[in-house]
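Biologist: Thanks for sitting down with me. Could you walk me through this model, step by step, while I follow along on my screen?

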Amino acid sequence: ANESLTAKIDFKDVSLSVFRHFPELSIGLQGLDVTGTGQFDGVKLLQCEQMDVAVDLWSAIFGDEVVIKGLYLNKPDIKAYILQDGSANYDITKPEPETPAATSTGGKTRLERYAITDGKILYDDRSLNMRAELEGLNHEGSGEFTADIYDLVMKTSIQKLSVNYEGMQYLRNARADWNATLNADMKNMKFTFVDNDLQVNALKVLVDGWFQ
């Protein structure tokens, strides 16, 4: 991973279990850290108490693709920064090297579900003068993530949500719950709201339309 990314990844311990997410094989990383380099040197993108990857063992041994039944983050602390020039600390993937066309002989991976438990997120966008903070985040999503077009089904609850935009404090420690289905068109990077149920404190909100 460290060879493929511009950030540094580290963890304290690793474990295998068939009980945490039975009947799948669970690979767990404790004390996971993702730290920036370059202009974000030393900035923590992610600190996570434990990350579990639940793998369908049969597909891993006998299949032509590895089916990841779930990716689980327990108590993650995520800090996302965007600078005035648009550079972001979460843009950590190195570009794929340009090589002559070749045929793949396998190694495909399919993710079916992900979940965050008791998470914290800071989103600080200097280019938009926007800052959002989420605490007590519980979120899960599922979908055919490898398809070009799929429905992303999400369920989210936030204990404390604060949003400041251009110096105006729109929300401070608000309670938010959001159940939604997004139709994702990955080729065109277009996302359409299919169903949604959003509530902020006692206010119910309708979200309709699409963004691209």
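**A walk through the predicted model**

Modeller: Happy to. In this predicted model, buried residues account for 36% of the 212 residues in the protein chain.

Biologist: How many helices and strands does the protein chain have?

Modeller: Reading from the N terminus, the elements run β-β-β-β-α-β-β-β-β-β-β-β-β-β. The C-alpha trace of the chain spans about 55 × 40 × 40 Å along its principal axes. The count for the protein chain is 1 helix and 13 strands.

Biologist: And what is the mean pLDDT of the protein chain?

Modeller: In the chain, 95% of the residues reach a pLDDT of 70 or more. The mean pLDDT is 91.

Biologist: Over which residues does pLDDT stay under 50?

Modeller: There is one stretch to treat with care. Where pLDDT is low, the predicted coordinates should not be read in detail. The stretch in question has 0 contacts beyond four places in sequence in the model. Its pLDDT stays under 50, and it covers residues 101–105.

Biologist: Let's turn to pockets. Which residues lie nearest the centre of the largest pocket?

Modeller: The largest pocket has a volume of about 1,500 Å³ and is lined by 31 residues. The elements that each give two or more residues to this lining are β4 (44–55), β5 (65–82), β7 (113–125), β8 (130–142), β9 (149–165), β10 (168–185) and β11 (190–200). Nearest the centre lie Ile-121, Leu-134, Leu-137, His-139 and Trp-178.

Biologist: How many nonpolar residues does the lining of the largest pocket have?

Modeller: Sorting that lining by class gives 1 charged residue and 2 polar ones. The nonpolar residues number 28.

Biologist: What volume does the second largest pocket have?

Modeller: Its lining is made of Tyr-150, Leu-152, Met-154, Trp-178, Leu-182, Ala-184, Met-186, Phe-191, Phe-193 and Phe-211. Strands β9, β10 and β11 each supply at least two residues of that lining. By class the lining has 10 nonpolar, no polar and no charged residues. The volume of the second largest pocket is about 190 Å³.

Biologist: Now some individual residues. Is Ile-68 buried or exposed?

Modeller: Start with its setting: Ile-68 is found in strand β5. Leaving aside neighbours within four places in sequence, Ile-68 is in contact with Val-53, Ala-54, Thr-109, Arg-110, Leu-111, Glu-112 and Arg-113. The C-alpha atoms of Ile-68 and Arg-110 are 5.8 Å apart, although the two residues are 42 apart in sequence. The relative accessible area of Ile-68 is 17%, and the cut-off for that class is under 20%, so Ile-68 counts as buried.

Biologist: Why does Ile-9 count as partly exposed?

Modeller: Ile-9 sits in strand β1 (residues 8–10). Leaving aside neighbours within four places in sequence, its contacts are Ala-1, Asn-2, Leu-32, Asp-33 and Val-34. With Asp-33, the C-alpha to C-alpha distance is 5.7 Å across a separation of 24 residues in sequence. Partly exposed covers the range between under 20% and over 50%, and Ile-9 falls there because its relative accessibility is 25%.

Biologist: Which residues does the cis peptide bond with an omega of about 5° join?

Modeller: The second partner is found in the loop between β2 (13–17) and β3 (25–35). The cis bond joins Phe-22 and Pro-23.

Biologist: What is the phi of Lys-75?

Modeller: Lys-75 lies in strand β5. With a relative accessible area of 41%, Lys-75 is partly exposed. Lys-75 is not a glycine, yet its phi is positive, at about 55°.

Biologist: And where is Met-189 found?

Modeller: Met-189 is not a glycine either, and its phi is positive, at about 50°. Its relative accessibility is 43%, which makes Met-189 partly exposed. Met-189 is found in the loop between β10 and β11.

Biologist: One last thing: how much area does the protein chain expose?

Modeller: Carbon and sulfur atoms supply 54% of the exposed area. The total for the protein chain is about 13,500 Å².

Conventions: Residues numbered from 1 in each chain as written. Predicted model: local features only at pLDDT ≥ 70, side-chain atom pairs only at ≥ 80, totals over all residues. Heavy atoms only, no water. Helix = DSSP H or I, 4+ residues; strand = E, 2+ residues; numbered from the N terminus. Buried < 20%, exposed > 50% of the residue type's maximum accessible area, 1.4 Å probe, protein only. Contact = heavy atoms within 4.5 Å. 1 Å grid on protein atoms, 1.4 Å probe; cavity = no way out; pocket = protein on both sides within 12 Å on 5 of 7 lines; lining within 4 Å. Points joined across faces, edges and corners; volume = space filled by probe spheres on them. Nonpolar A, V, L, I, M, F, W, Y, C, P; charged D, E, K, R; others polar. pLDDT = per-residue confidence, 0-100. Areas by Shrake-Rupley, 256 points an atom, 1.4 Å probe, with all protein chains shown as cover.
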